[in-house]
Amino acid sequence: MIKHEIDNIKFHLKTCHDLTWVKKYGTVFSVIDATGSGCISFGVADENGRDRYFIKIAGVDTVDAEISPAESVQTLKNAAELYRILKHPALVELIEHYPHEQYYVAVFRWADGECLFDYWNFDKYDREPDLIRPSVRFHNLPTDKKLSAVECIFSFMEVVAAKRYVAVDLYDGSLLYDFGNDRMMLCDIDLFRKQPAYNDMGEEYWGSKRLKAPEEYVLGAVVDERTNVFTVGALLFGFFGTYTQEEIEDRYRYCRVFPCRIERWELCGEAYAVVSQAISPDREKRYRTMAEFHDAFRRAVGKGEGRLCKETITS
């Protein structure tokens with residue numbers, strides 16, 4: 001492991017790389033180097049401080065890389081086109097992308113917000129227990145603010161479906177929330193695929209065990225819009241429900257997503273039933289489309305007007 005530093009920002013890579021050329025965009029003020037994608041990402045501000053960029057560089061051989069530098073380069077190169085095809089107000093904006101030496105570079109306009117699964121900071125939270133994780137801050141937001149954030153996710157996912165793509169490896173680490181402006185943004189759609197799509201990796205198919213659908217463990221299984229319905233449903237249970245530590249560990253241990261207990265669900269019983277249907281292990285019982293799921297969810301929480309349901313159900 002080699003220590004590096006640019007503009008007093010320290011990071012680590014497996015091997016030595018001279019990445020000081022990123023300073024052509026300005027001063028480096030942040031870095032994310034603990035990635036399995038083989039990419040390193042820098043926050044850079046121009047000399048006037050007016051414009052900021054998020055610069056993602058593939059092929060640097062990160063310490064936690066799960067793929068080779070060459071595979072990392074090809075993945076980011078392929079992904080760059082996705083940001084053009086799936087352009088959306090809630091998706092981070094790609095400015096340019098290009099090869100540079102043995103690397104591939106994607107430059108995004110900086111999006112204010114905090115990642116809802118910032119795994120690169122987990123050690124810091126362990127060292128400083130008074131720090132509150134963005135995921136916890138988001139979970140504790142008023143319900144109406146979370147519902148507004150969910151609308152951004154549904155809107156983007158309906159575009160994904162309309163363009164005949166599937167969201168591979170969509171999880172809370174793909175979400176940025178700006179607590180100052182109450183705005184949800186999506187990032188890191190690098191592994192999304194054009195339909196028809198299939199699980200070509202078996203149990204190791206991309207995704208978090210907290211969110212993966214059953215077919216995402218089966219080699220050769222179809223991965224489609226019903227799969228994405230499942231993923232979004234699992235996210236919603238994380239947003240509006242609470243799981244015990246034992247239940248969270250069970251989701252990892254048994255590779256199984258299940259609803260939280262109804263008494264730990266903050267929306268109405270109808271919404272609980274809708275989201276439970278979305279994460280049915282039987283894909284045929286899920287909503288066929290994201291639009292169908294979205295409509296059912298909106299009607300459940302307020303007949304399309306954002307009004308929260310007050311009634312509850314008992315188990």
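What follows is a chat about a sheet and a helix pair in a predicted model.

Trainee: Hi! In what order do the strands of the open sheet come?

Mentor: The order is β3-β4-β5-β7-β6, five strands with antiparallel pairing. The edge strands, β3 (27-32) and β6 (94-100), each pair on one side only. From one strand to the next, the twist averages 20°.

Trainee: And which helix packs on the sheet?

Mentor: That is α1, residues 69-85, which touches β4, β5, β6 and β7. The direction of α1 makes about 35° with that of β7.

Trainee: Let's look at β5. Is strand β5 largely enclosed or open?

Mentor: Largely enclosed by the rest of the structure, because five of the seven residues of β5 (residues 52-58) are buried.

Trainee: How many bridges join β5 to β4, and how many to β7?

Mentor: Seven bridges join β4 (residues 39-45) to β5, and six join β5 to β7 (residues 103-109). Both pairings run antiparallel. If you want to find them on screen, R52 in β5 is the bridge partner of A45, and V105 in β7 is the bridge partner of I57.

Trainee: What lies between β4 and β5?

Mentor: Six residues, and the two strands form a hairpin. In the turn, G49 has a positive phi of about 75°.

Trainee: Back to the edge for a second. How many bridges pair β6 with β7?

Mentor: Six, again in the antiparallel sense. One place to look is L94, whose bridge partner in β7 is F108.

Trainee: New topic: helices. Which residues of α7 are buried?

Mentor: In α7 (residues 269-278), they are G269, A271, Y272, V274, V275 and A278. These buried residues pack against α5 (225-240) and α8 (290-302).

Trainee: How do people describe two packed helices?

Mentor: By the angle between their axes and the distance between the axes.

Trainee: OK, so what are those values for α5 and α7?

Mentor: Their axes come within 8 Å and cross at roughly 140°. The two helices are therefore oblique to each other, since angles over 145 degrees would count as roughly antiparallel. The crossing of α5 past α7 is left-handed.

Trainee: Which residues meet there?

Mentor: From α5 you have V229, F230, G233, L236 and F237, and they meet Y272, V275, S276 and A278 in α7. Seven of the residues in this contact are nonpolar, two are polar and none is charged.

Trainee: Which of those α7 residues were on the buried list too?

Mentor: Y272, V275 and A278 are among the buried residues of α7.

Methods:
Residues numbered from 1 in each chain as written. Predicted model: local features only at pLDDT ≥ 70, side-chain atom pairs only at ≥ 80, totals over all residues. Heavy atoms only, no water. Buried < 20%, exposed > 50% of the residue type's maximum accessible area, 1.4 Å probe, protein only. Helix = DSSP H or I, 4+ residues; strand = E, 2+ residues; numbered from the N terminus. Pairing = 2+ DSSP bridges. Contact = heavy atoms within 4.5 Å. Axes fitted to C-alpha atoms, helices over the stretch in contact; angles between N-to-C directions. Parallel < 35°, antiparallel > 145°, perpendicular 65-115°, else oblique. Left-handed = near helix turned anticlockwise from the far one by under 90°. Nonpolar A, V, L, I, M, F, W, Y, C, P; charged D, E, K, R; others polar.
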